[in-house]
Amino acid sequence: MSDAEIVLSASGLGKAYRLHLRADERLSKYVSGAGRRGGEEFWALKNVDLALRRGEALGVIGENGAGKSTLLRLLCGTLRPSAGTAVVKGRMAALLELGSGFNPRFTGRENVWLNAAVLGLSKAQISERFGAIAEFAGIGEFMDLPVKLYSSGMQARLGFAVSAHVDADIMIVDEILAVGDAAFAQKCHRYLERFRAKGTLLFVSHNSGLVAKLCDRALWLDHGEVRALGPAAEVCADYVTNIAERGAAQEIRAQESPGHRWRIAEPPPLVRDSRHRAPNRIAVSPFNPDAPWHGHGGADILEVSFSGGGGQRLGEITGADEVELRIVCRAERDLVRPILGFLLRDRLGQNVFGDNTYLACRDAPRAVRVGETFVAVFRFQFPFLAPGDYGLTVAITEGSQEDHIHIHWIEEALVLNALESPVRRGIVGIPATDVCLEMEGTPS
Amino acid sequence: MSSEPVVEARGLGKAYPIYRRPEDRLKQLVWGRWRRFYQEFWAVRGVNLCVARGETVGIIGRNGSGKSTLLQMICGTLRPSAGDVRVGGRVAAMLELGSGFNPEFTGRENVRMGAAVLGLTRDEIDSRFDAIAAFADIGAFMDQPIKRYSSGMHARLAFAVCANVDADVLIVDEILSVGDAAFQQKCMRYLNRFRMHGTMLFVSHDSGAIVKLCDRVLWLDDGETRGTGDAKEMCRLYLAAQAEEAGDDAARFRIGGRSGSACRAAAPACGSPDRPSEEITRVADADELNFDPGDMPDVKGEGEIESGNFYARDGSRLRVAGGGEAVELRVVCRAKRFLRHVALAFVVRDRLGQILFSDDTHSGSLHPPTDIPDGQVFSAKFRFFLPHLASGAYAVESFLFERGLKGFVLLDRRQDREFLFIQSTHISNGLANVAMRAVTLDVIPDLPHRGAANPIEKIAPPAAVEAAE
């Protein structure tokens, strides 16, 4: 590829700070004439070389304090490098830490105008797009209140909304999706997926799964230095392994969409733990179509049941049984990509386990025509459950894993009650294949 | 337990003036109370909330629904425009808006200042400073100005102060996702202990955390109460509302069905917490190894757990797992005297500190009791298939017991040392997912006409299309 396509580059980029001294140290240094500049130099970022081509998406990963934000600020020009240079070609919209770029005393509306103008939009363009920006942000009347009154979620919403409407060539997104609610995160995601098709993206996140999914390449920063730069999937995998190896690791957040490596692991062989002499008897209620439900309509869930091997409906399951969960639906309109799924929730409403047909059908989406009846079957070994009540939520949705609408969603379509259980502690029982106690060598 | 409310808000509201034109602001100054040139915008309006001592109340709602504003009014950093709020006792708040720290001052200075603001005397602060520093665990950064802190360090310090001021009411605003895995476990242990006697208000977008931690939930929507009641029920309704927003055809959206648990109307209600013990879910036989990992006596020593690591089937150390694989958890111990009839146990905890699964060498007594000579290194090996856990860090805690005359005595306990990292490959965010042997989606060729009494009985078993593999 030719150099002309490179829209963002950095060579030998670095930033150094002087560490603060305690007041007494500062005084003694001043008095002794050692200079007022204070303590030792600390390189927050050192020697970063980077070249990003048009249309490329680069993820930046690293722990807290690894220099991710420093790098972005150097690239945006809000921070002056202590060493090296950064060159950017094109219009760059940056979502740095929360609140940066906003004047907290001005209202949301004023900040939108200000920011969009700074990014090079004309007055006419801004007034034309203001409605779209406000709608994307979805913060309602807060638009006319000073930004200092915004929660972090609202600031993120407004920041993203502006960046998404300034025809940026390069977009820099720093960890912003973490503070929004689920609906907003979905909206941002959808936008970034679309933006990727034409623009250049620099994406910073702790969530290496998300980086692997959104980005082509990833840059791993470690204590201010480049640890790796390469294909996103590989770098992210190395990063996670490294974190784990150091034992007490920093900041791995629960990542709900691991992204790039969808696969269903080999199902384990059937295991029956002979110690679990007390059977795990679980009563299963009949299907209750009148349980709380919601949805946009388009299909109806007609029947939900557990069955054994022979196909007969089970009124009781024993933990470790091989079971089939069947969800029968009828389409009331043509469905392009229906996904059927279930979730078993405990007394509190926590998701214990669940699955859906998205993966099974991803490569061969099964369209369903109006009036057709269709069935999803999930076959698995039922786990041991702690005693108590459980609700089985079933749903039919349409779309993809990240972006879908609920067609028909029934909470507690079946109620399960674990009457007897060998599970003493915890949410589920794990059947052990072997448990033993052994001596290691001779006494020392 | 006293049913007297600790936090009581009546008709609480906060209004801000919105000036449509900048000159209106000036006109308002001139006209004063005689004329109004602004519109009122109510960020929070008419909220009634009554929290009894010992209760944990969650607050949910989308961005901009007024959650943070409400919390700020409750902890007194924002003056309400309407209604009143009364708080009985010392409130410690971990808010995202204005943590109260001064960025120019060092951590040490901020700790002293923060604790003083919360009403601690100089002596109390002196005596607790070490505990705060130990909880925060940020080392030499304690003497650096806060503006140099990463967000994780900032949160550590804020939490450490709040955890050491004997607060009656704790207000936590979406702070659980900061800090590393060990710190999160520490925070959750603290919060779970605090919940036993203290009152907590808790804001989060993580519905798993809400249903796990909260007795009741207040759902705010556009600054007003959309509902209060049972946490599970409110989260269900909130999910339905989000689903409505996600679709492009809101007119078609329907909601229905009857719920078992009643959803109370938006009225002040002082619920009394009813929280069954969660750690022990079954009354054990006399001979069983029965322990509550949440409430353990001090360790006796005389035996030491040296490690508790996961290994893959090929014998290599397993630090990152995908879920579903065959694993061996090996707990290695050393006896410091002759031990008679030892038992080892482990628990695996999730991000909220709750136990997902557990096992021990004693249950079922597959293996005969083992006597261990003095100085002997010995290990317990648990082989099983890992469930499909959600991505994240999981704490592995292990325990060493010796059987005495009155049952098992804890010799050693190891926590916050070992973590298993999961990079999930599973599609669901369940706590412990199971692997499917087959997943199929099929159209049923010809089902009789609509309205069949019981369609399932007329369905032939679907052709076995095993699409999952």
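This report covers two sheets, the make-up of chain B and two loop residues in a predicted model.

**A sheet within chain A**

Start with the open sheet of three strands in chain A. Its order is β2-β1-β4, and the pairing is antiparallel. The edge strands are β2 (41–53) and β4 (83–88) of chain A. Each of these two pairs on one side only. On average, neighbouring strands in this sheet are turned by 20° against each other, with direction ignored.

Now look at one pair in detail. Strand β1 of chain A covers residues 6–18. Five bridges join β1 to β4(A), and the two strands run antiparallel. To find the pairing in the structure, look for A:G14, which stands opposite A:A83 in β4(A).

**A sheet with strands from chains A and B**

Another open sheet has four strands. The order is β12(A)-β14(A)-β17(A)-β19(B), again with antiparallel pairing. Which strands stand at the edges? They are β12 (299–307) of chain A and β19 (436–444) of chain B. Each has a single partner strand, so one side of each is left without a neighbour in the sheet. Here neighbouring strands are turned by 15° against each other on average, direction ignored.

Inside the order, β14 (residues 322–331) and β17 (residues 373–381) of chain A pair over nine bridges. They pair in the antiparallel sense. One place to check is A:V328, whose bridge partner in β17(A) is A:V375.

**Chain B as a whole**

Chain B has 469 residues, and 47% of them count as buried. The chain holds eight helices and 19 strands. How far apart in sequence are the residues that touch? Take the contacts in chain B between residues at least 6 apart in sequence: 74% of them join residues at least 24 apart.

**Two loop residues in chain B**

Two residues of chain B have a positive phi without being glycine: B:D222 and B:H341. The table sets them out.

| Residue | Phi | Loop in chain B | C-beta atoms within 10 Å |
|---|---|---|---|
| B:D222 | near 50° | between β8 (216–221) and β9 (224–230) | 16 other C-beta atoms |
| B:H341 | near 55° | between β13 (326–335) and β14 (342–349) | 15 C-beta neighbours |

Are these residues buried or exposed? A residue is buried at 20 or more other C-beta atoms within 10 Å, exposed at 12 or fewer, and partly exposed in between. B:D222 has 16, so it is partly exposed. B:H341 has 15 such neighbours, so B:H341 also counts as partly exposed.

Methods. Residues numbered from 1 in each chain as written. Chains lettered and ligands numbered in written order. Predicted model: local features only at pLDDT ≥ 70, side-chain atom pairs only at ≥ 80, totals over all residues. Pairing = 2+ DSSP bridges. Axes fitted to C-alpha atoms, helices over the stretch in contact; angles between N-to-C directions. Contact = placed C-beta atoms within 7 Å.
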